[in-house]
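Colleague: Hi, I'm new to this one. Could you walk me through it?

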Amino acid sequence: MTDGHGQADDGIEPDGGEATTEDPSTEMAIQTDVSESVNDSDYTREAGTLVEARDVSVYYNDDRALNDITMDIPENRVTAMIGPSGCGKSTFLRCINRMNDMIDAARVEGDLLLRGKNVYDDDVDPVALRRRVGMVFQKPNPFPKSIYDNVAYGLEIQGADGDYDEIVEESLKRAALWDEVKDQLDESGLDLSGGQQQRLCIARAIAPDPEVILMDEPASALDPVATSKIEDLIDDLAEEYTVVIVTHNMQQAARISDKTAVFLTGGELVEFDDTDKIFENPDSERVEDYITGKFG
Amino acid sequence: MPRKQYQERLEELREDVLYMSEIVAERLRMGMDALDVKDEELARRVIEEDAEVNQLYLELEQDCVDLLALQQPVAGDLRFIAATFKIITDLERIGDLATNLGEYSLQAERDVFPDVDAQRIGEATLEMLDDAMTAYAEEDADACYGVAEADDDVDQLCEDASAAVMRELLEREGVTEEDVDDMMADVSRLLLTIRDLERVGDHAVNIAARTLYMVENDDELIY
C-alpha cells in the first residue's frame, strides 16, 4: 500500500488507509443515485452536461471568493476557465472535487451536481468523489517512488483488483508517456523532466478511470515544447474524459478549449460560451477588455 | 507532430480551399459552355449555384478568423492563413464572373461576331486558375511566376478581341436604323464578356501573387 501522507495536493485524502475501508455502497450511491438530484423546475439540464453549478458561492471566513456561479460543463469537452488572479477560477475548480473541504475556513453554498447528484450531499464520500474527478496541478508532484508505483497509486488506494500492469501501461499510453518510460518503469518518477513528470501525474490521475479531469495551470511551469505536448494530450483526453482547466494563459485557453468561462474580480462568472464566441465576439464589454489586454 | 489539432485544421483549410477552387473552375466552365452553345438551362444553373460558392467563401473566411483568433499562427502558418484569406476572395469573385457569363448567355440571341473567340480566352484563363491553385497546393514559387507570365498572353488575346469587335463594327455595312439598338447591346455584351474573362486572369494572378508571398515571403507579384 502506498502511503499518501503529505500528498494532499493530489486530490486524494491524506489518509490513504481511510480510502480502503470505505463502504463500496457509498460510491455506488454517487454513481447511480440521481433520484435525489436538485429539482429545479425552472431548469432543464442540457443534453451532454456532466457537471452543473447552481448558484455556487464560496466564502473564506466572511469573504466571498465566488459569487453565485451557475454554469453547465459539457461532457467529453474541454472547458477552460480564465480570469485575473484572485477571480475565483481555481476556487471554483476545487469545488468540483471538494478540494475546498480541506480548507477549514472555506464554506460552499449552492449546488454542484455531477450527473445530477449534488457532490456536497451528506452521503457523498469525498474520497470516492475524487476517484471520479481526478486532478492535475500546476507544479508536477510525482511521489518519490517509481514511475510504475506513481501510476498504480490510485488503484492501490481503492483496492482495485485486476491487472495493474495493464492499467499502468494503458494510463501511460493515454498520457503520451509510455514510449519514453516503458524501459524504466522501476526508476524514480522524480528523475523525469518537468514535462514528463506532469504527464506522469496525468497518467496517475486517469489510472482510476475518472469521468472528469481537473487541471489547475497544468503547463505554467513547463517550457514551450513540454507545454505543446500537454496541450495535445488535453485534446486527446477529451475524447474519453471531461476536462476542466484553469489557465492564466488566455492563448492556451483559446487553443485547446471548446468552452471558455471568464471570471472577473469579485468571484463573478461574467461570460461562459463557446470558445470561438468568447475570443471573437464576446457579449460582455468587460470580457472584451480583459481578453484584449485593456485590463486585468 | 506537436499541436496536432492545429496542424489538422491548417490542412483541412488547405483542402477546403482547393475544393472551392474546383467548384469555381467548374462554374466558369459551365458559364463558358452556356455562352458557347446558348444553353439556357446551364446558364440558369451557373447563376443559381453561385450561392454555394458564396456559402463556401463565408465558411472558409470564418475558418481563417477562427485560426487567427484561437491558434496564434506565426511565420509560415500566418502567411498561409493571410494568403488564404485573400485567395478565397479571388475565388469568390471568379465565381461571380462565371455567373456573369451565364447572364450574358441568357441575354444573347445570336452570335454577332463569329470572329471573336471568347472560348479561347476562357480556356486560357481556366488554365491560369488551375496553375495558380496547383502552385498554392504544392507551394511552388516558380509556378507563380508562370501564372503572371500567362496573364500577359491573356491580356493580349483580350486586347486583340476588343480591337476585332471595334474593327468589325466600323467596317460593317448595310446597318439599318432598326439594327442599331440590337447591335449596341450585342457589342457591349461581347466587350463585357472579354473584360470579365480578362478579370478571371487577373484574379488567377492575384492567387499566384499571394501564393508566392505565402511560400517565400516575397511580395514581388502583389500589385
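Colleague: What is the strand order in the open sheet of 4 strands in chain A?

Modeller: Happy to help, and please keep in mind that this is a predicted model. The order is β2-β1-β4-β5, and the pairing is antiparallel.

Colleague: Which strands stand at the edges of that sheet?

Modeller: In chain A those are β2 (63-74) and β5 (117-118). Each has a single partner strand, so one side of each is left without a neighbour in the sheet.

Colleague: How many bridges join β4 to β5 in chain A?

Modeller: Strand β4(A), residues 106-114, is joined to β5(A) by 2 bridges, and the two run antiparallel. If you want to find the spot on screen, look for A:Leu114, whose bridge partner in β5(A) is A:Lys117.

Colleague: Got it. Changing topic: is β3 of chain A mostly covered or mostly uncovered?

Modeller: Mostly covered. Strand β3(A) spans residues 78-82, and 5 of its 5 residues are buried.

Colleague: Which way do those residues point from the strand?

Modeller: A:Val78, A:Ala80 and A:Ile82 point one way, while A:Thr79 and A:Met81 point the other way; all are buried.

Colleague: And what does β3(A) pair with, say over towards β8(A)?

Modeller: Strand β8(A), residues 242-246, pairs with β3(A) in the parallel sense over 4 bridges. Within that pairing, A:Thr79 has A:Val244 as its bridge partner. Then there is strand β9(A), residues 259-264, which runs parallel to β3(A) and is joined to it by 4 bridges. Here A:Met81 has A:Ala261 as its bridge partner.

Colleague: Nice. Over to chain B: at what angle do α1 and α4 pack?

Modeller: Helix α1(B) and helix α4(B), residues 75-107, pack at about 15 degrees, with their axes 8 Å apart. Angles under 35 degrees count as roughly parallel, so α1(B) is roughly parallel to α4(B). The crossing of α1(B) past α4(B) is left-handed.

Colleague: What classes of residue make up that contact?

Modeller: The contact of α1(B) with α4(B) has 18 nonpolar, 7 polar and 2 charged residues.

Colleague: Last one: how many residues does each chain put into the contact between A and B?

Modeller: Chain A gives 11 residues and chain B gives 11 residues. On the chain B side, α1 (4-37) and α3 (50-71) are the elements that give two or more residues. The most comes from α3(B), with 5 residues. By class, the chain B side divides into 5 nonpolar, 3 polar and 3 charged residues.

Colleague: Thanks, that gives me somewhere to start!

Key:
Residues numbered from 1 in each chain as written. Chains lettered and ligands numbered in written order. Predicted model: local features only at pLDDT ≥ 70, side-chain atom pairs only at ≥ 80, totals over all residues. Pairing = 2+ DSSP bridges. Contact = placed C-beta atoms within 7 Å. Nonpolar A, V, L, I, M, F, W, Y, C, P; charged D, E, K, R; others polar. Buried ≥ 20, exposed ≤ 12 C-beta atoms within 10 Å, placed from the backbone. Axes fitted to C-alpha atoms, helices over the stretch in contact; angles between N-to-C directions. Parallel < 35°, antiparallel > 145°, perpendicular 65-115°, else oblique. Left-handed = near helix turned anticlockwise from the far one by under 90°.
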